[in-house]
Amino acid sequence: MGVTEAAQIPKQRGEPLLDSAVRYAEERHWDVFPGTWLEAVEGRERCSCGTEACASPGAHPARPDWSTQATGSAVGARRMWSKQPRASILLPTGRTFDALEVSDSAGFLALARMERMELTLGPVTCTPDRRMFFFVLPGAAAKVPDLVRKLGWMPASIDLTTRGEGHFVAAPPTRVGGFGAVQWARKPTAANRWLPDAEELISALAYACGREAADARGRRA
């Protein structure tokens with residue numbers, strides 16, 4: 001039996017960042033670029049950017065021209081991570097995919113509902129700071145606010161945002177500070193190579209986020 005595509009996707013832990021970055025470019029045709037990394041300073045880990053109170057230690061762009069640095073070439077990815085093997089793996093959004101961002105509590109609730117509905121899902125990441133990112137077709141950023149309004153919610157009232165052109169997400173197995181690594185809630189496989197449109201997922205996500213917002217209001221009352 002041959003090795004499946006799913007088996008080629010980076011493991012949750014333990015695989016060198018270089019190998020992971022190369023495989024994302026080579027097998028998924030995702031653009032990748034190296035970000036900051038974690039350094040041991042006086043017995044603790046600190047972001048290579050040097051900022052004491054870095055908001056995303058070890059998982060943000062290392063240079064302002066990151067969007068032009070991103071490459072979909074496996075050779076280019078290998079070259080960049082060979083120079084800095086500890087660099088985080090960042091994926092620019094708005095190119096081959098956009099990402100719908102929600103809290104992990106809303107995300108797992110929505111994920112269970114989507115699976116019951118047998119919706120076609122793309123890859124989904126879960127970050128150490130308890131955020132989830134659902135990969136969808138590009139263009140979601142422009143239409144999600146209107147889709148949310150049509151479902152009866154004001155976009156500002158629920159914790160659902162979109163990352164599109166000019167933004168990025170961190171990819172597994174990137175580590176964020178001392179909190180842990182970005183992981184796959186749903187790994188990239190041959191079955192989810194074709195991404196869903198945001199419109200297919202927005203109802204389940206908005207419902208989960210709306211329910212979470214209502215619960216939060218109830219606790220404050």
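Let's start at the hairpin of β2 and β3, where 2 residues sit between the strands and E42 takes a positive phi near 50°. Please keep in mind that this is a predicted model. The two strands of that hairpin, β2 at residues 38–41 and β3 at residues 44–47, pair in the antiparallel sense over 4 bridges. If you want to find the register on your screen, look for V41, which stands opposite R44 in β3.

While we are on backbone angles, E42 has some company. H29 also has a positive phi, near 60°, and H29 is not a glycine. You will find H29 in the loop between α2 and β1, the strand at 33–34. Is H29 buried or exposed? With a relative accessible area of 52%, H29 is exposed. Then there is R130, another residue that is not a glycine, with a positive phi of about 65°. R130 is in the loop between β6 and β7, and its relative accessibility of 53% counts as exposed.

One more backbone feature, and then we move on to the sheet. P172 and P173 are joined by a cis peptide bond, with omega at about 5°. P173 itself belongs to the loop between β9, residues 168–170, and β10, residues 175–176.

Now, the sheet. As a reminder, strands of a sheet pair through backbone hydrogen bonds, either parallel or antiparallel. Here we have an open sheet of 5 strands, ordered β8-β5-β7-β6-β12, and the pairing is antiparallel. Which strands stand at the edges? They are β8, at 161–163, and β12, at 183–186; each has a single partner strand, so one side of each is left without a neighbour in the sheet. From one strand to the next, the twist averages 30°.

Inside that sheet, have a look at β5, residues 98–103, and β7, residues 131–136. These two pair in the antiparallel sense over 6 bridges. To check the register there, take E101, whose bridge partner in β7 is F133.

Two helices lie across this sheet. α5 lies across β5, β6, β7 and β12, and runs at about 45° to β7. α7 lies across β5 and β7, and runs at about 20° to β5.

Those two helices also meet each other. The axes of α5, residues 104–116, and α7, residues 198–220, come within 8 Å and cross at roughly 135°. That angle is why α5 and α7 are described as oblique to each other. Their crossing is right-handed. On the α5 side the contact is made by S105, A106, L109, A110, R113 and M114, and on the α7 side by L201, S203, A204, L205, Y207, A208, C209, R211 and E212. Sorted by class, the contact has 10 nonpolar, 2 polar and 3 charged residues.

There is a second helix pair to show you. α2, residues 17–28, and α4, residues 74–83, have axes that come within 8 Å and cross at roughly 160°. That makes α2 roughly antiparallel to α4. This crossing, too, is right-handed. From α2 we have L17, L18, A21, V22, A25 and E26, and they meet A74, A77, R78, W81 and S82 in α4. By class, the contact of α2 with α4 has 8 nonpolar, 1 polar and 2 charged residues.

Let me finish with two loop residues. N192 is in the loop between β12 and α7. How does N192 come to count as buried? Its relative accessibility is 4%, and the cut-off for buried is under 20%, so N192 qualifies. What does N192 touch? Leaving aside neighbours within four places in sequence, N192 is in contact with R28, L121, G122, P123 and K187.

The other one is P61, in the loop between β3 and α3, the helix at 66–69. P61 counts as buried at 17% relative accessibility. Not counting residues up to four places away in sequence, P61 touches F33, G35, T36, W66, L90 and F168. And for those of you who like to navigate by distance, P61 and A77 are 16 residues apart along the chain, with 15 Å separating their C-alpha atoms. You will remember A77 as one of the α4 residues that meet α2.

Thanks, everyone, and I'm happy to go back to any of these spots.

Technical notes: Residues are numbered from 1 along each chain as its sequence is written. This is a predicted model: local features need pLDDT of at least 70, side-chain atom pairs count only at pLDDT 80 or more; totals for chains, interfaces and linings use all residues. Side-chain values use heavy atoms; hydrogens and water are left out. Two strands pair if DSSP finds at least two bridges between them. Axes are lines fitted to C-alpha atoms, for helices over the stretch in contact, and angles run from 0 to 180 degrees between N-to-C directions. Angles under 35 degrees count as roughly parallel, over 145 as roughly antiparallel, 65 to 115 as roughly perpendicular and the rest as oblique. A crossing is left-handed if the near helix is turned anticlockwise from the far one by less than a right angle, and right-handed if clockwise. Contact means heavy atoms within 4.5 Å. Ala, Val, Leu, Ile, Met, Phe, Trp, Tyr, Cys and Pro count as nonpolar, Asp, Glu, Lys and Arg as charged, and the others, Gly among them, as polar. Buried means under 20% relative accessible area, exposed over 50%, partly exposed in between (1.4 Å probe, protein chains only).
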